[in-house]
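Please open the structure in your viewer and keep the selection tool at hand. The stops below are meant to be followed in order.

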Amino acid sequence: MSDLQPPRGTHDILPEDHRRHRQVTETARGIAARYGYEEISTPVFEFSEVFKRTLGETSDIVTKEMFSFEDKKGRSLALRPEGTAGVARAFISGLRSEQLPLKLFYQGPMFRYERMQKGRQRQFHQFGVELLGADGPLADIEVITLGAHVLDALGVADKVTLELNTLGDAESRQSYRTKLVGYLEGFKDKLSEDSLARLDRNPLRILDSKDQGDRAVIAGAPLLADHLNDASKAFFEDVQKGLKTAGVEYEINPTLVRGLDYYCHTAFEFTTETLGAQGAVLAGGRYDGLIETMGGPPTPGTGWAAGVERLALMITEPPGPARPVAVVPVGEAAEAEALSLTQKLRQAGFTADLGFSGNLKKRLKGANKAGAAAAVIIGEDELAKGAATVRDMETGEQTEVKLSALEDHLARYR
Ligand code: ATP
Ligand code: MG
């Protein structure tokens, strides 16, 4: 039986779920288009290298969460755990001749082998934007403003908080890293195993740890904000000024570090308290080193990704499908006419439904169940007159209408 269940952490997206998903992705698309972003789709799987190189060998995603497998030639492939690495790979393998800056958005399924919780799945969907080739604060301001705009258009702006931090440039991070490691070395006996493993290779990520023991140590750690060089400070101040000008509210969170290794300067996360433990709905930052790390030309980048399922849980119920007009033939002779009439109505833009079988009573019941606004009844009498009886399903009122005038008459039910 178990093989008839969806694999752990995956879900069927049923029609009513799709309405919510679509509301999220179509709203995001519409807003992204206003900012000049165009859609890109990259493959759902890539060579594992693409993610290893960009996310870092020590990241949670690469060490624990990647769905990787070998193809028939023994090459290591992985289902994409996120979108930025694929976009960067696409940029290097073909897009780069295009004019910079490049404004892109994507949407689609992502895969992470995670522990299951509400709002945390193994196959989930993201909508994301990437702005490549712009190195100044204005680019960060644009993508954050775009994210805030999407959340506002989805009606969830009052349920989220924008948390903002800076990771500084490479020089600032280097000097901070030395300080941080010096501090953490004093607490080796208190740190979790995961954090100990990161102490040499990726100490900044320890700040991101959710382990209680780690948190206590981190509370006393030196702050990156106190180790920024002047250029990094100026960058961060400009981002904040721009957000204020754009009317985007934020809170500084000095311990916000992104889980991914290629970020610099701006890091941000829109979080909510309405989803329980899974609070991040839209998160991103600047990743100037990424494309070069992957072997491409030095190209700055900034962007974010939003969790479609998490946002879908937060929005108000979108409207259901359009109410159909139900075409109801009575008697065998009327069936062909009903079929061709239904098709004509659909071609004219109506949502039209033709039941598959049954007598008048059964079909009217079916029409009601389908939420039909009107039923178009065609029996022998009507056939002879070239007319139909239109029944208003709300009032029960019936009107005889010539077939030639039918579309006009039905216009009110659209
Ligand atoms: P988290 O802290 O929740 O693990 P993350 O830092 O791993 O998030 P990102 O890699 O920044 O998340 O992904 C961007 C967004 O994608 C998240 O803010 C979240 O809304 C969504 N997301 C991430 N992982 C999952 C998942 N397993 N299931 C559902 N949504 C997810
Ligand atoms: Mg995660």
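The tour goes from the domains to a small set of strands and then to a pair of helices, and throughout it should be kept in mind that this is a predicted model.

Begin by colouring residues 15-169 together with 229-314, which the domain assignment gives as domain 1, and then residues 325-413, which it gives as domain 2. If you place a marker at the centre of each, taken over C-alpha atoms, the two markers stand 49 Å apart.

Next, select strands E2, E4 and E3, which in that order form an open sheet of 3 strands with antiparallel pairing. Strand E2 (45-47) and strand E3 (68-70) lie at the edges and have a single partner strand each, so one side of each has no neighbour in the sheet. From one strand to the next, the twist averages 35 degrees.

Zoom in on E2 and strand E4 (residues 76-79), whose antiparallel pairing runs over 3 bridges, and look for Phe47, which stands opposite Leu77 in E4. Then add helix H2 (residues 48-55), which packs on the sheet and touches E2, E3 and E4, while its direction makes about 75 degrees with that of E2.

Finally, select helix H6 (residues 170-185) and helix H7 (residues 193-201), which pack at an angle of about 140 degrees with axes 10 Å apart, H6 passing H7 in a left-handed crossing. Which residues meet here? From H6 these are Arg177, Val181, Leu184 and Glu185, and from H7 they are Leu199, Asp200 and Arg201. By class, this contact has 3 nonpolar, no polar and 4 charged residues.

Definitions and conventions
Residues are numbered from 1 along each chain as its sequence is written. Chains are lettered from A and ligands numbered from 1 in the order in which they are written. This is a predicted model: local features need pLDDT of at least 70, side-chain atom pairs count only at pLDDT 80 or more; totals for chains, interfaces and linings use all residues. Side-chain values use heavy atoms; hydrogens and water are left out. Domain bounds come from an automatic or database domain assignment. Axes are lines fitted to C-alpha atoms, for helices over the stretch in contact, and angles run from 0 to 180 degrees between N-to-C directions. Helices (H or I, at least four residues) and strands (E, at least two) are DSSP runs, numbered from the N terminus. A crossing is left-handed if the near helix is turned anticlockwise from the far one by less than a right angle, and right-handed if clockwise. Contact means heavy atoms within 4.5 Å. Ala, Val, Leu, Ile, Met, Phe, Trp, Tyr, Cys and Pro count as nonpolar, Asp, Glu, Lys and Arg as charged, and the others, Gly among them, as polar. Two strands pair if DSSP finds at least two bridges between them.
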